[in-house]
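Please look over the sequence and the model below before reading on. The paragraphs that follow go from single residues to the whole chain and back again.

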Amino acid sequence: MNRVKRQLAPYLLVLPGGIWLLIFFAVPMFAMLSLSLQEGDIVHGYRFTGHWQTYTDAISAYQTQIVRSLIYGAIATVVLIVLAFPVAYWIAFYGGRRKPTYLFLVLLPFFVSFVLRTISWKQILTDEGPLLSPLRDAGVIGQSFHILGTPFAVIAGLVYNFLPFMVLPIYVALERIDPRVVEAARDLYADPATAFRKVIFPLALPGVFAGVLMTFVPASSDYVNSEVLGSSETTMIGQVIQAQFLDNSDYPTASALSFVLMFVLLIGVFTYARMLGTEDVMKVAAR
């Protein structure tokens, strides 16, 4: 009896999470898949017809927005790595006893609503805001110069909103590095740049890997930043899906676009994992 309990224990522990995922992820996904293959309208209702043409029509109509979203997400992810790594590195190796305070400051923006943070960012980047107005008055920039409604504004908003998601996993990976390993590299006459390239960065790869997954996927599917900070020329696929669901009530097209986006993101994530080598990353993480 005790042996049976020991064998069932892992499954019983994972059962609540499995039920949660089944009810709130698997079932809605199957419902959305069914909806994407239906035909009809909001007035007369929808019925399942297995209409796969919705997918090809959606891709053909919104391929520009899909590609734009992936490009914006990729650029934002690269910028996030460049910005987050020095922050995480400094906190991990030089934060001392104040590490919890610095981590709290990194997380502090999360105490404010995502939408409110984006609207605040809009107020900063507006033509009459505290950033551009003094520069325009001083003659540094021209009267026609503006940031809002440009790809730069959308990508900047993505970077601002998702920065903590990149800092934290990199910090965790750096925190696990034994300082004696770095000291050993320096004892072997490695200069700081070589020690970083040969020792620190490879050991931090699990954090970078996790950070990319946590930022690229939500950044590529985000619609708030492109809605608030962008224009019709910077529309992302998240905006299209939101409009099809809530404004146009075109549920099959919205569902099809959601699955297309998920499929494209999964291909991107698996390709990235393949290029980086997840086995090597996991071996580094297990050390």
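Leaving out residues up to four places away in sequence, V159 touches A76, V79, L80 and L83. The model in which these contacts are found is a predicted one. V159 itself belongs to helix α6, which covers residues 151–175. Its partner V79 is 80 residues away along the chain, yet the C-alpha atoms of V159 and V79 are separated by 7.1 Å. Is V159 buried or exposed? Its relative accessibility is 9%, and buried means under 20%, so V159 counts as buried.

The whole chain can now be put around this residue. The protein chain has 12 helices and 2 strands. Read along the sequence, the pattern begins with a helix, continues with two strands, and then runs on through helices to its end. The C-alpha trace spans about 80 × 75 × 35 Å along its principal axes. Of the 287 residues in the chain, 36% are buried. Consider next the contacts between residues at least 6 apart in sequence: 69% of them join residues at least 24 apart. The contacts of V159 with A76, V79, L80 and L83 can be read with that percentage in mind.

The surface and the charges can be described at the level of the chain too. About 17200 Å² is exposed, and carbon and sulfur atoms supply 67% of it. The chain carries 19 positive and 18 negative charges, and the mean positions of the two sets are 16 Å apart.

Helix α3, residues 99–107, contains L107. What does L107 contact, leaving aside its neighbours within four places in sequence? The residues are P164 and L168. L107 and L168 are 61 residues apart in sequence, with 9.0 Å between their C-alpha atoms. L107 has a relative accessibility of 29%. Partly exposed covers the range between the 20% limit for buried and the 50% limit for exposed, so L107 counts as partly exposed.

The next stop is a loop residue, M236, which is found between α9 (224–229) and α10 (237–247). With 0% relative accessibility, M236 counts as buried. Its contacts, neighbours within four places in sequence aside, are Q65, S69, Y72, V154, A219, S220, D222 and S226. M236 can also be compared in position with V67: the two are 169 residues apart in sequence and 8.7 Å apart in space, C-alpha to C-alpha.

Helix α10, named above as one border of that loop, holds Q239. This residue has a relative accessibility of 11% and counts as buried. Apart from residues up to four places away in sequence, Q239 touches Y223, S226, E227 and T234. S226 is one of the residues in contact with M236 and one of those touched by Q239.

Further along the sequence is S249, in the loop between α10 and α11 (251–276). Its phi is near 55 degrees, a positive value in a residue other than glycine. S249 has a relative accessible area of 18%. Since the limit for buried is under 20%, S249 is buried.

The model also has pockets to consider. The second largest pocket has a volume of about 180 Å³. Which elements give two or more residues to its lining? They are α2 (53–94), α8 (192–221) and α11. The lining is made of A74, T77, V78, I81, V212, L213, F216, G268, V269 and Y272. Helix α2 gives the most to this lining, with 4 residues.

The last residue is H44, which takes us back to the two strands. H44 is in the loop between β1 (38–41) and β2 (45–48). Its relative accessible area is 70%. Exposed means over 50%, so H44 is exposed. The C-alpha atoms of H44 and G142 are separated by 54 Å, and the two residues are 98 residues apart along the chain. For V159 and V79, by contrast, the chain separation is 80 residues and the C-alpha separation is 7.1 Å.

Conventions. Residues numbered from 1 in each chain as written. Predicted model: local features only at pLDDT ≥ 70, side-chain atom pairs only at ≥ 80, totals over all residues. Heavy atoms only, no water. Buried < 20%, exposed > 50% of the residue type's maximum accessible area, 1.4 Å probe, protein only. Contact = heavy atoms within 4.5 Å. Areas by Shrake-Rupley, 256 points an atom, 1.4 Å probe, with all protein chains shown as cover. Lys, Arg positive; Asp, Glu negative; His and termini not counted. Charge placed at Lys NZ, Arg CZ, Asp CG, Glu CD. 1 Å grid on protein atoms, 1.4 Å probe; cavity = no way out; pocket = protein on both sides within 12 Å on 5 of 7 lines; lining within 4 Å. Points joined across faces, edges and corners; volume = space filled by probe spheres on them.
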